[in-house]
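Me: I should like to learn how to read helix packing in a structure. Please show me the case at hand.

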Amino acid sequence: MEKKKLGLVLSGGGTKGVAHAGVIKFLNEKNIEPEILACCSAGSIVGAMYAVGKSPEEILDFFHSVYFFNWRHFAFNKPGLVSSKIFRNYLEPVFHDMAIGDLKKDVRIVATELVSGTQKIFEKDFKIIDAIIASCSIPGITTPYLVGDEMYSDGGVLNNFPADIIQHECEKMIGVFVSPPQEITVEHLNSIRAVVSRSYDLLSYRTEFYKFAYCDWLITSKKLSQYGTFERKPERLHEIFDIGYDTARTSFEGFSS
């Protein structure tokens, strides 16, 4: 009988995904090595870089290097502010022409196929770069990503915390969720935009919350709600990295892989 695996779930969350790298730093220190990963959006970047052998510090450096909102990246007369294809420039030096099956770990990446309205879990022969860009194409920000006749958008549209896709293949599972809803007061809800944004955040969180129970060890921190999706300042990215590490360290007691 095949030995069951230790799974790791990495949620979406924009640059808050740097917290995943902090968690991986702690896992490395404890010699905990997940064998199968379920990744969405920013989690797909971290998961794939981890599976190709990059260190947590190298993953942090990668996030430092990425800058979407350069005027040369803007898409004109397209369904998004920034061309999703630009991200290829950052990913090619890391992954070259690798397919998902070439990675050192079993990595599952999810995206949303917009035309059919279905979740896509990419096969092992699918190019890593294409899978990551598809999973990270945030609606309204980056243009949808076309592969053949399929149009992909962010995996978080349908499954921001894809624990369910590996649940039955794991004996134990670690989940890292980096998109907690903000803690607010009534005074914060003083505009149409604020109410709509809050409603969307709660709807998204509700669809993921029940999957937390699939995890034997859930790593999440409300501190991450103080950070945005597109943090740029180096000190902010380091803070997010440290939150991931510290949250893993303080919540570790009682977990045995």
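Reply: The following turns treat one pair of helices and then one helix start. This is a predicted model, in which local features need pLDDT of at least 70, side-chain atom pairs count only at pLDDT 80 or more, and totals for chains, interfaces and linings use all residues. Residues are numbered from 1 along each chain as its sequence is written, and side-chain values use heavy atoms, without hydrogens and water.

Me: At what angle do helix α2 and helix α5 pack?

Reply: Two packed helices are described by the angle between their axes and the distance between the axes. Here α2 (residues 42-51) and α5 (residues 128-136) pack at about 155°, with axes 8 Å apart. Therefore α2 is roughly antiparallel to α5 (angles over 145 degrees count as such).

Me: Which residues of α2 and α5 make the contact?

Reply: Contact means heavy atoms within 4.5 Å. Ala42, Ser44, Ile45 and Ala48 of α2 meet Ile128, Ile132, Ser135 and Cys136 of α5.

Me: What does the side chain of Ser191 reach at the start of α6?

Reply: A side-chain oxygen of Ser191 comes to within 3.1 Å of the backbone nitrogen of Ala194.

Key. Axes are lines fitted to C-alpha atoms, for helices over the stretch in contact, and angles run from 0 to 180 degrees between N-to-C directions. Helices (H or I, at least four residues) and strands (E, at least two) are DSSP runs, numbered from the N terminus. Angles under 35 degrees count as roughly parallel, over 145 as roughly antiparallel, 65 to 115 as roughly perpendicular and the rest as oblique. A polar contact is a pair of N or O atoms within 3.5 Å; within protein, one must be able to donate a hydrogen and the other to accept it, and residues adjacent in sequence count only if both atoms are side-chain atoms.
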